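Biologist: Please put the model up with its sequence. I will ask about it one item at a time.

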Amino acid sequence: MAEVQDSLPDLPIGGLREITLRIPGEFFFCETISLPVALLNEVEKRPENSSERIEEFILESLSDTSFSPYPPEQLAWGFHSCSESGKVCVFATPLTRLKQLGWQNLDLFRRVFPSFISIFGQVRESSRMEFLLHEDTLTLACFAGGSSVPDEMVSLPLDHEGEEEFEATRAKLLSLVEVGKYTRVDEVRVATRVTRTTDGYFEFDHHWRESEPSVQSPDEGVRMSADELWNHDLRLPEFKSNEKNKRRRARARWKSMSYALVSAICLLLIFGGVKIGSIKLSDRRALSEEMSRQVPLVLESQKLLEKLRQNKLGGIDPFGALGRVAMHRGGSMENPDLWFSMAHFETRSHMKLEGEGKSVESVNTFLENLENAKVGRIRKGRSGEELRQIKSGSGKTSFDVELDLIEEEVAAARPSELSPPGIEEGVKGP
């Protein structure tokens, strides 16, 4: 570990800011204490202030010479608390000792933890002993059931590689605790890398030291909240408070910049969409204006075609049309059921009639006869209503109606009817 520390000053400051430093656990004294009942009640009522109140309680304990021979300001210390068991584990080491061993300028690192930090990540259901190996430090932690705080925790360095040295160190650790109170777990969990995730957690990876197939894989990486891990950081409380606020502001600025960038992109997309929409709207408006300019031409063309069609049929024939219509007035020639007072032809087939009748029934019968005989149909307006009006009052019935006359089907004349009398096809005159 000393070799690693010797190389740290050569790293750029930005590189150190990405390193989570883990100091060997043998340099710490660890003490587990029970929180006062009054403090537990206060924490239960106001959980948002639990870390601050527990930290104040630990500072008071560290200021007591019977608990610590060093005052708090001369210590690198942290703690882990468990609300379920009401216990807290305090771990500390003198700052002068860290400087003598080469660990200084701790404020340059991202986080500074003891090597056994990941052992706090889980609540044990039953009492047990666990071994944790990190680099050259072996830690033994003894847990009571229903707690993530060990009742006893000791660490020793591994001075030499080899199985005999390892077993000797493990035996020394077992001799330092009350073995009979806990279930022994001989498998050794090895702590490897630590990763800061994007969702506000630190993830500590582990694997078993033993490689036998019978040994099950350990649980997935232990996840611990980044906010909670500030309690485990070994730097001074004033620095941690300022650092938390500074990083919180940096995250807020980053989020603001991200939101601003996303908003700018959204506004750019909206502007582009509006611009494209305005261009399409302008194209549609220009097309609409062009089509509206063509409407008079189309209408004139339709009128011309209608005139040509009427001319082809013989043009407007008022007397013939009136004769066809008058045949269905009812009554007799001398005494018809209705008579006409005005007839107006818009076109050959569009006819407006005004007149009087003996009764409303006679007018309706006249109009029905026209449709049944396929002489004409009553025109309809844009609303779909028939363009006819019948008025009756003071012994007088009048009407006005617009009709669409139906063209008569002219049967094809036989050749004998088209030839002059006395001349037949194929017969020569005298």
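**Questions on the predicted model**

Biologist: What percentage of the contacts in the protein with a separation of 6 or more is due to residues 24 or more positions apart?

Modeller: A contact here means heavy atoms within 4.5 Å. Among contacts with a separation of 6 or more, the part due to residues 24 or more positions apart is 58%.

Biologist: What pLDDT do local features need in this predicted model?

Modeller: Numbering starts from 1 along each chain as its sequence is written, and side-chain values use heavy atoms, with hydrogens and water left out. The model is predicted: totals for chains, interfaces and linings use all residues, side-chain atom pairs count only at pLDDT 80 or more, and local features need a pLDDT of at least 70.

Biologist: How many helices and strands does the protein have?

Modeller: Helices are DSSP runs of H or I with at least four residues, strands are runs of E with at least two, and both are numbered from the N terminus. On that basis the protein has ten helices and 16 strands.

Biologist: What percentage of the 430 residues counts as buried?

Modeller: Buried means under 20% relative accessible area, exposed means over 50%, and partly exposed is in between, using a 1.4 Å probe and protein chains only. Of the 430 residues, the buried part is 33%.

Biologist: Within what arc do the buried residues of α4 fall?

Modeller: Helix α4 covers residues 50-63, and its 14 residues should span 20 Å at 1.5 Å a residue (times one less than the number of residues), which agrees with the 20 Å between its end C-alpha atoms. Its buried residues are Ser 50, Ile 54, Phe 57, Ile 58, Ser 61 and Leu 62. Seen down the axis, with directions taken from the axis to the C-beta atoms, these residues line one face of the helix because they fall within an arc of 140°.

Biologist: Which residues are exposed on the other side of α4?

Modeller: The buried residues of α4 pack against β2 (29-34), α3 (37-45), β3 (75-82) and β4 (87-94). On the other side of α4, the exposed residues are Glu 60 and Ser 63.

Biologist: Which side chain makes a polar contact of 3.0 Å with that of His 80?

Modeller: His 80 is found in strand β3 and is buried, at 2% relative accessibility. Leaving aside neighbours within four places in sequence, its contacts include Phe 120, Glu 228 and His 232; the C-alpha atoms of His 80 and Glu 228 are 8.9 Å apart, although 148 residues separate the two in sequence. A polar contact is a pair of N or O atoms within 3.5 Å; within protein, one must be able to donate a hydrogen and the other to accept it, and residues adjacent in sequence count only if both atoms are side-chain atoms. The side chain that joins His 80 at 3.0 Å is that of Ser 148.

Biologist: How many residues does the other core have, apart from the largest nonpolar core?

Modeller: A nonpolar core is a set of buried Ala, Val, Leu, Ile, Met, Phe, Trp, Tyr and Cys residues joined through side-chain atoms within 4.5 Å. The largest has 31 residues, and Ile 23, Phe 116, Ile 119 and Phe 120 have the most contacts inside it. Strands that each supply at least two of its residues include β1 (20-23), β5 (111-114) and β7 (137-143). Apart from it lies another core, with Phe 345, Leu 353, Phe 366 and Leu 370 among its members, and its residues number 16.

Biologist: Which residue in β10 is the bridge partner of Ala 191?

Modeller: Two strands pair if DSSP finds at least two bridges between them; β9 (residues 183-196) and β10 run antiparallel and are joined by six. They form a hairpin with four residues between them, and Gly 200 in the turn has a positive phi of about 85°. The partner of Ala 191 in β10 is His 206.

Biologist: What is the relative accessible area of Lys 374?

Modeller: Lys 374 lies in the loop between α9 and β14 (376-378). Its phi is positive, about 55°, although it is not a glycine. Lys 374 is exposed, with a relative accessible area of 63%.

Biologist: At what distance does the side chain of Ser 362 reach the backbone oxygen of Ser 359?

Modeller: Ser 362 is found in helix α9 (residues 360-372) and is buried, with a relative accessible area of 9%. Its side chain reaches the backbone oxygen of Ser 359 at 2.6 Å.
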